[in-house]
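Here are a few short exercises to work through with the model open. Try each one yourself before reading the solution.

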Amino acid sequence: MSLTLPLLVIIVLAIVGSFLARRRALSVSGGDIRHLASLPKQHGLNAILSTVVPPLLAIIAWLMAARIMEYRGAAPLWVPLAIMALAVAGVVLSVVKVSNTFRARTASETWIKGLLIGASTIAILTTVGIVFSMLFETISFFRQYPWTEFFFSTNWSPNFRGNSDLGIIPLLWGTLYISFIALAFAVPTGLFAAIYLSEYAGPRIRGIVKPAIEILAGIPTIVYGLFALTTVGPFLRDYFAQPMGFGDSASSVMTAGLVMGIMLIPFVSSLSDDIINAVPQSMRDGSLGLGATKSETIRQVVVPAALPGIVGAVLLAASRAIGETMIVVLGAGAAARISLNPFEAMTTVTVKIVSQLTGDTDFASPETLVAFALGLTLFVITLGLNVLALYIVRRYREQYE
Amino acid sequence: MTKSLYSADARTKRRNAAERRFKAYGAAAIGIAMVALVILLTSVVTQGIGAFRQTYITVDVPLPEAKLDKSGTRDMAVMSKVTTIGYAPLLRDGLVNAIAEAGIQTDLSEKEIGDLISKEAAATVRNRVLAHPDLIGQPERFSLLADGRIDGYFKGRVTMASAALDQNTSPEKLDLADKLRDAGIMQIKFNWAFLTAPDASDQRPEAAGLGVAILGSLYMMIVVLVLALPIGVAASIYLEEFAPKNRWTDVIEVNIANLAAVPSIVYGILGLAIFINFMQFNQSSPLVGGMVLALMTLPTIIISTRAALKAVPPSIRDAALGVGASKMQSVFHHVLPLAAPGILTGTIIGLAQALGETAPLLLIGMVAFVRDYPEAYSSATGLFGDPSTALPVQIYNWTQRADPAFVERAQGAIITLLVFLLIMNTVAIVLRRRFERRW
């Protein structure tokens with residue numbers, strides 16, 4: 001028996017229940033609603049909520065339970081019957097309860113509050129889901145593949161016939177190298193842009209530049225990826241890598257790093273902008289009053305005061321760079337290698353997650369499961385960076401509020 | 001050293017120079033950002049605008065009854081037995097006739113002339129004939145897609161030199177194409193099909209379109225809106241208006257801030273492991289894509305909704321409570337409506353982010369080659385359960401193909417995506433301007 005019928009029954013019962021509860025409320029008050037503790041419509045609302053919420057929760061619970069127990073096929077007869085019984089019980093109880101003294105408003109608000117709490121726990125459930133979705137597969141990966149090899153081997157060469165080398169070191173190297181170049185480009189640019197905008201620029205320039213930087217922030221990463229692939233990559237190859245003898249690959253650490261740097265400029269600049277604006281004006285005035293020039297004030301007073309916040313912003317940007325996927329998929333290449341030459345193609349953790357999980361996948365082989373171990377490593381690294389950054393930024397905000 | 005107030009001493013000069021340098025660094029940083037933006041947008045537009053124009057060949061195609069309907073009774077079963085292979089010679093004949101009529105001299109064989117027409121065109125003609133069987137018998141005027149190489153020639157992607165090395169075309173064919181264009185048989189028209197047609201195979205870049213991808217993205221946005229908006233608003237109301245200040249709510253807050261910064265690909269792994277492998281939802285379906293993107297958008301919506309709720313002054317709440325409203329009534333009747341514009345703006349911006357997101361969708365299989373328009377509901381696959389693709393994934397898909405014509409398509413798709421994003425963001429800005437209240 002499918003669950004469509006119970007759903008229909010629940011809806012019909014809710015409508016009937018709401019109608020009955022109003023009618024009954026009017027009749028127990030003898031037609032004068034001033035005798036009621038709650039308005040008839042609140043009795044109606046209470047009837048709807050008590051009819052709908054418990055059976056819906058039961059349906060969700062059953063669906064989850066069926067999945068966990070790997071129960072296939074239609075639900076046994078007692079499940080829809082139990083669900084409908086819950087709905088009937090809801091209607092009967094809520095209608096019987098209607099009286100002059102019953103506070104239906106409080107009762108229905110308790111239901112609503114429960115729903116609100118439920119919604120706010122979804123955020124927690126998402127995190128739990130993220131961790132568990134990767135944890136189980138990672139454990140089964142480490143049953144098939146030694147963890148020492150995974151964390152310390154410098155060789156990555158998956159082979160779907162078995163006998164793969166799945167060392168994370170070359171992937172981490174590529175990830176960190178690209179992120180480093182991206183940050184080396186984005187942090188000074190974003191920071192100086194923020195300083196100029198908040199300390200020097202007049203309202204006219206700000207009116208033009210700020211929206212333009214916001215456009216940069218709103219562009220999807222796939223667009224940056226294609227920009228790296230078709231424009232930046234060939235340009236760097238033809239004008240830098242080949243003439244200087246660094247190799248002839250269009251996809252390289254430099255390509256991905258530079259484009260990722262462009263992507264991060266608005267991120268760094270808007271975060272730093274907030275932080276610089278939070279430095280109290282009195283500190284600037286004090287410095288200017290002692291005869292410092294504007295740049296001296298910024299360098300010796302504003303930036304040091306804002307430093308914790310700026311560090312937090314840089315950490316958040318680093319977490320972004322490490323987790324970025326599309327730019328490196330299209331711009332960095334697929335070869336796992338450890339090299340210092342920035343014009344060589346290297347690969348990252350995210351690229352390998354994509355390549356191991358798309359196409360034909362066999363969820364029993366270590367070559368597929370390694371993606372979950374990579375994902376968990378990525379999650380742990382970014383989580384560490386985010387928590388640290390959020391902690392620093394929060395502490396800093398409190399300092400000046 | 002002269003000590004005059006009218007001439008700056010060395011130290012002052014040095015300090016002023018440092019000041020100017022510092023200011024120049026700032027201006028340079030802004031300049032770099034602006035130049036990057038301009039180069040990015042020009043490269044997209046110059047490489048992608050071509051996708052919106054397409055070369056067509058307009059000819060009268062003979063539709064002989066003897067070939068297309070052997071029964072002579074317009075019986076569908078008989079007519080549909082004639083495949084596109086049966087139609088292709090007719091298109092070729094039509095083009096050969098048109099060349100003869102226009103008096104164009106060419107040394108190419110009939111088969112080679114037929115290569116000027118896209119392989120997709122036969123299917124177009126066949127579909128139209130099957131839909132209107134009464135067309136059979138007379139020649140009918142059709143606008144046929146030209147081959148991708150010919151189209152590339154008019155757009156400058158294919159040159160005589162590259163054609164000489166290309167086994168799919170030849171300089172003679174390009175020459176003929178030039179003459180056909182002069183004769184008006186070949187025209188370049190606005191390419192509506194790019195926005196409506198489904199994807200095409202590797203060999204037919206000229207026929208590839210965004211229809212399925214746009215539909216898939218639209219379905220996903222509906223799922224995201226339906227899931228993320230109510231849940232996000234409910235969660236924000238609880239956290240902002242009701243939650244006691246304790247350990248648990250602190251955990252939730254840190255958690256939400258962290259979720260906003262989790263790499264998007266991690267959400268893809270979540271979707272793959274939980275929604276597809278564990279809950280057995282259909283792979284590549286807009287439903288799963290929408291659910292993953294909804295989880296990803298949720299923190300954005302929660303953060304902006306909480307800001308909007310916080311901006312409503314406490315006096316509004318106090319007034320409602322003062323005349324006997326319950327806490328819940330004060331929130332739902334007064335605070336929420338006042339915060340609605342802010343919530344809406346945040347939601348649109350969250351949706352715009354979700355629309356451009358690619359990485360998680362790759363992992364849940366939306367990168368598959370899909371030619372059938374997905375149904376919003378079908379009894380076999382349920383609500384939004386048909387396999388589909390999405391705009392950003394289609395772009396990625398096209399970048400992985402060999403023919404450079406697909407790069408033009410990909411950039412064209414980016415223009416389409418950016419136009420959608422521009423519209424959404426403009427709506428958000430207009431809403432904010434119109435309804436924003438300062439208390």
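Helices and strands here are DSSP runs, with at least four residues for a helix (H or I) and at least two for a strand (E). Keep in mind that this is a predicted model.

**Exercise 1.** Work out how many helices and strands chain B has, and how far to trust the model.

*Solution.* Start by counting: chain B comes out at 19 helices and 5 strands. Next, check the confidence: the mean pLDDT of chain B is 90, with 99% of its residues at 70 or more. Then look at the complex, for which the predictor reports an ipTM of 0.91 and a pTM of 0.91.

**Exercise 2.** Set the radius of gyration of chain B against that of a compact globule.

*Solution.* For 439 residues, a compact globule would come in near 22 Å. Chain B has 30 Å instead. Now take the box along the principal axes: the C-alpha atoms of chain B fill roughly 85 × 80 × 40 Å. As for burial, 45% of the 439 residues of chain B count as buried. Finally, turn to contacts between residues at least 6 apart in sequence: in chain B, 77% of these join residues at least 24 apart.

**Exercise 3.** Find the annotated transmembrane regions of chain B and check the secondary structure of two of them.

*Solution.* First, the record: an unreviewed UniProt entry puts "transmembrane region" at residues 24–45, 218–239, 259–281, 287–309, 335–356 and 410–431 of chain B. Take residues 287–309 of chain B: the span is 100% helix and 0% strand, with its end C-alpha atoms 30 Å apart. Then try residues 335–356 of chain B, where you get 100% helix and 0% strand, and 32 Å between the end C-alpha atoms.

How values were computed. Residues numbered from 1 in each chain as written. Chains lettered and ligands numbered in written order. Predicted model: local features only at pLDDT ≥ 70, side-chain atom pairs only at ≥ 80, totals over all residues. Rg over C-alpha atoms; globule rule 2.2 N^0.38 Å. Buried ≥ 20, exposed ≤ 12 C-beta atoms within 10 Å, placed from the backbone. Contact = placed C-beta atoms within 7 Å. UniProt positions renumbered as here; feature names shortened; annotations may be inferred. pLDDT = per-residue confidence, 0-100.
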